[in-house]
Structures are given as structure tokens and as C-alpha cells.
Amino acid sequence: NLSKQLHKVCNVIDPPDLAAIAVERKAIYAEVRASVDREHKEMLTRKELIENRKEETERVAQEKLKEEKRRRLASIANAKAEEQRRLAREQQLREKEKMDKIRKEMEMTEKKTILKAMGQNIESMTEAELIAIDAAKLEKERMMKAAKKRDTAERKIREMQKKLDYIVRATRIEEVPLIKKRYAEKVTVERERYEAEVVEKARAAKLQWEDDCKAKAELSNFNVFGVMNKFQKAAMQGRVAQHKVLCAKEDEHAEMLAETAKLQRARQRKEDELRHQKEEEERIRQEEEDRKAEEERNKREEERRKREEELEEARKKKEAERAATRPPRDTPFSSNAPSSRALENASGSRYVPPSRRGESGGDTGGRAWGGGDSNSRSAWGSGPGARGNSFGGGRYEGGRGGDRDGGGDRDSYGSRGGDRGGGGDRYGSRDRAPEQRNSRWS
């Protein structure tokens, strides 16, 4: 309030020269109109240069990191390979030492075995003496002694065989008469025994025949054989009758079993038919359910496909409408610059402070260059619903507006208005280039 009152007092005491202010304002607008394109291009060039330098710096840093990582991995791989080679060499040396030790132990064991076989006392010998002994020479000596011993044993065996052969031949020559004598005596004894046994068997058979004839004559006197025949006939008749009765019972039982089996087969056939009928009904029902499920699935798939086609058509229609309403992208930047008449109309006849230009403009976003009514729309975005220009407001205008793709950068040429694709630092986005969006300057 105090500042307003003081301002009014100053205006009363020293009224401002409106003509001079208008001339100064026109000069300022002309200067701005002449330098805005150049400054904008310089800003874009500087922004691109900064981004290129930043990308180059990041690329060099990444290359350095990759090179350091590659060198580190290479050194690690070389160290691992060298360690593997060292371990392999040590393993080979250990294997060689182990094999030498085993070979020496085997030679010592072989020497001890040979010396023990030769009858020498190995307990009294030192290890140096055992090592000094030539194993090949010792083995040769042992083999010579073993061959000599074997030849001696074979010679003794041959002599014993020859002696035994002489004894066997002499014994057989002396035994021939004795063997013949014993054979003749044995044949004589066996012949006499056989003749006695034949005579005794004939006598016993004759006595048995005589006893059997006497028994038959006695049985014939009492008619025993006739009675036996009658008894045999009666017994056979009873057995035949019993056999017929048993055959009749077995036939009846067989017929009953056949009838039971026939009924069982008929019952089984009926059960099989009922089971097959139920299975067929179940199969038909399952096929019907599967068919209905398949139809329902096809129906859902068809509906989904139709919805997708409708959504795709709607999307294409929206894209076509958006493309129709979108300005061409190859329009040069200077084509939307305000004309001098628009700047003169926007200036008005009365000076408005920058802090109050949003109120005097009549809309929340502010016009691109200050004044103007709510129905006018200049090339710089003033008019109904305009929220500033693509630069986020001018250097000499107020208002917090800015469109979605341009304004709102908090630089020396913009106000505090924020946009969705632009503001951040002095020259646009800090880390990346501004996104291409559907705006009047894209």
C-alpha cells in the first residue's frame, strides 16, 4: 500500500512522459524482436555443444573404465593362468619324485627278496651296501643259481624215474606166472559154485510145483473156483449198476453247471451291454460339453478380436485426427514470430508493471507479450486458454504460464511457469535433450 501511494504521489508530482515511454518501449520491443531469434539459436547451439561435450566426456570415461576393467581382467586371467602353470609344474615334480621314490623302494624290496632267496643275511647289511648292490647283476646271479638248482632237481628226478622203471619191469616179469595160476584157480572155484547153484534151483522149483499141484487138487474137490466165479460176476454186476448211477448223477451235475454258466454268460453280456451303453452316453455327453466349451471359447475369442479391432480403429481414427490438427513439423521457427503490428497492439497506451501484467491480461496464463483481450490470439500464443509461449514467457513480461512443450524454463528469458517437456536448468533439461511432443514449436 505504501509503495502504491508513493507511486501515485510521484506520478502526481512528476507525471511520466507517456510519449517518451512509448518510444522507449518501441525501441525495446524492436531490440527484442531483432535479437530473440539469434539468442534462441545461440542457446540451442550452446545446449547442443554442452550435451555433446557431456556425452563425449561420459564416453571417454566409459572407455577408460572399460579399458581398466579389461586390463584388470586380463591381469587376473594372466595371474590365474600363471598360477595354474605353477601348480601344474609342482604337481609334475611331486609326481616325478613320488615315482622315483616308489621305484627306489621297489628296487630295494627286490634286492632284499633276491638276497633272502640266495640265503644271505640282509639284517646285517646297511642301507648303503644295499644301494651299492647292482640289482641286474644280483638278479642274474640268482637266476643262474636257480637254473643250476633246477637242473640238479631234474637230473635227480630222471634218475629216480629210471630206477623205478627198472623195478616195475622186473616186478611184472616175476608176477606173470603167479597171476596166471591165481586166475585158473578162481575160474575153477566159480564154475563149481555155479553148477551147485543150478542144481539147487532146479530141485527147489520141482518141490514148489508138486506143492502147487496138491493145493489145486484140494481146492477143486471143494468147488472153490466155481464159487469165486459167481462172486466175481455178482460183484461186477453191482459195480456196473453203481457206475451207471454215478454217471447219471454226473450228467445231471454237468447239465446244471452248463445251465448256470449259460445264465452267467447271459448276465455278463447284459452287464457289458449296459456298461457300453453308459460309456457311449458319457462319451456323447463329454463331446457335447467339449463342443459347447469350444464354441464358447471361439465366441469369446471372436468378441475379443472385435474389441481389439474396434480399439485399433478408434486409435487409428484418433491418430488421424491428431495428425490432421497437428501443424507441419517442417515449419521454420521464424514463421511464428510476432509482427510489429502485433507488438504495437500488445504494448497498449499505458505502462503495466511486470508483476501485474497477469492480472491486467484477464487470463491465468498470461499473453505472450502482455496485453490483448480474451478473444484475440496472436502468433505468439495469446488468447483464450493460452498459457504462454514456447519460451515460457518473455524477458519483459510477467505471468506464470507456459505451454506444455516450451515454457517454464527458469532462465534469464523465462518466468517461473513450468512445462512437462522443458524446464529444468538454464538451457533446458540437465541430462537429456527435450522430448519431441505435439506442440506448436515441435
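**Helical fold, salt bridges and nonpolar clusters**

Arg 300 and Glu 296 are both part of helix α5, where four residues, or about one turn of the helix, separate them. In this predicted model, the two residues form a salt bridge whose closest N and O atoms are 3.9 Å apart. This distance falls within the 4 Å limit applied to a side-chain nitrogen and a carboxyl oxygen, so the pair is counted as a salt bridge. Arg 300 is partly exposed at 46% relative accessibility, and Glu 296 is likewise partly exposed, with a relative accessible area of 39%.

Two further salt bridges were examined in helix α5. Arg 285 pairs with Glu 282, with 2.1 Å between the closest N and O atoms. These two residues are three positions apart in helix α5, which spans residues 224–325, so about one helical turn lies between them. Arg 285 is partly exposed, its relative accessible area being 38%, and the value for Glu 282, also partly exposed, is 38%. Glu 312 and Arg 315 form the other pair, their side chains meeting in a salt bridge with an N to O distance of 2.2 Å. Here, too, the partners are three residues apart in helix α5 and separated by about one helical turn. Glu 312 has a relative accessibility of 30% and counts as partly exposed; Arg 315 is partly exposed at 38%. Elsewhere in the chain, Glu 83, Arg 86, Glu 90 and Arg 94 are joined into one network by salt bridges that share partners. A search of the whole structure returned 30 salt bridges.

At the level of the whole chain, the secondary structure consists of seven helices and zero strands, and the order along the sequence is α-α-α-α-α-α-α. The chain has 442 residues, of which 15% count as buried. Its exposed area is about 36,800 Å², with 55% supplied by carbon and sulfur atoms. Of the contacts between residues at least 6 apart in sequence, 39% join residues at least 24 apart.

The largest nonpolar core comprises nine residues, namely Met 108, Ile 114, Leu 115, Met 118, Ile 122, Met 125, Leu 130, Ile 133 and Leu 138. Helix α2, covering residues 18–117, gives the most to this core, with three residues. When residues up to four places away in sequence are not counted, the contacts of Leu 115 are Gln 120, Ile 122, Met 125, Leu 130, Ile 133 and Leu 138.

A nonpolar patch on the surface is formed by Met 99, Ile 102 and Met 106, which together have about 310 Å² of accessible area. Met 106 belongs to helix α2. Met 106 is classed as exposed because its relative accessible area of 55% is over the 50% cut-off.

The search for disulfides gave a count of zero. Two cysteines were characterised by accessibility. Cys 213 is partly exposed, with a relative accessible area of 35%, and Cys 247 is partly exposed, with a relative accessible area of 31%. Both values lie between the 20% and 50% cut-offs, so neither cysteine is classed as buried.

Notes. Residues are numbered from 1 along each chain as its sequence is written. This is a predicted model: local features need pLDDT of at least 70, side-chain atom pairs count only at pLDDT 80 or more; totals for chains, interfaces and linings use all residues. Side-chain values use heavy atoms; hydrogens and water are left out. Buried means under 20% relative accessible area, exposed over 50%, partly exposed in between (1.4 Å probe, protein chains only). Contact means heavy atoms within 4.5 Å. Accessible areas come from the Shrake-Rupley method with a 1.4 Å probe; for residues, only the protein chains shown count as cover. A nonpolar core is a set of buried Ala, Val, Leu, Ile, Met, Phe, Trp, Tyr and Cys residues joined through side-chain atoms within 4.5 Å. Patches are made of residues with over 30% relative accessible area and no salt bridge: like charges are joined within 9 Å, nonpolar side chains (Val, Leu, Ile, Met, Phe, Trp, Tyr) within 5 Å. A disulfide is a pair of cysteine sulfur atoms within 2.5 Å.
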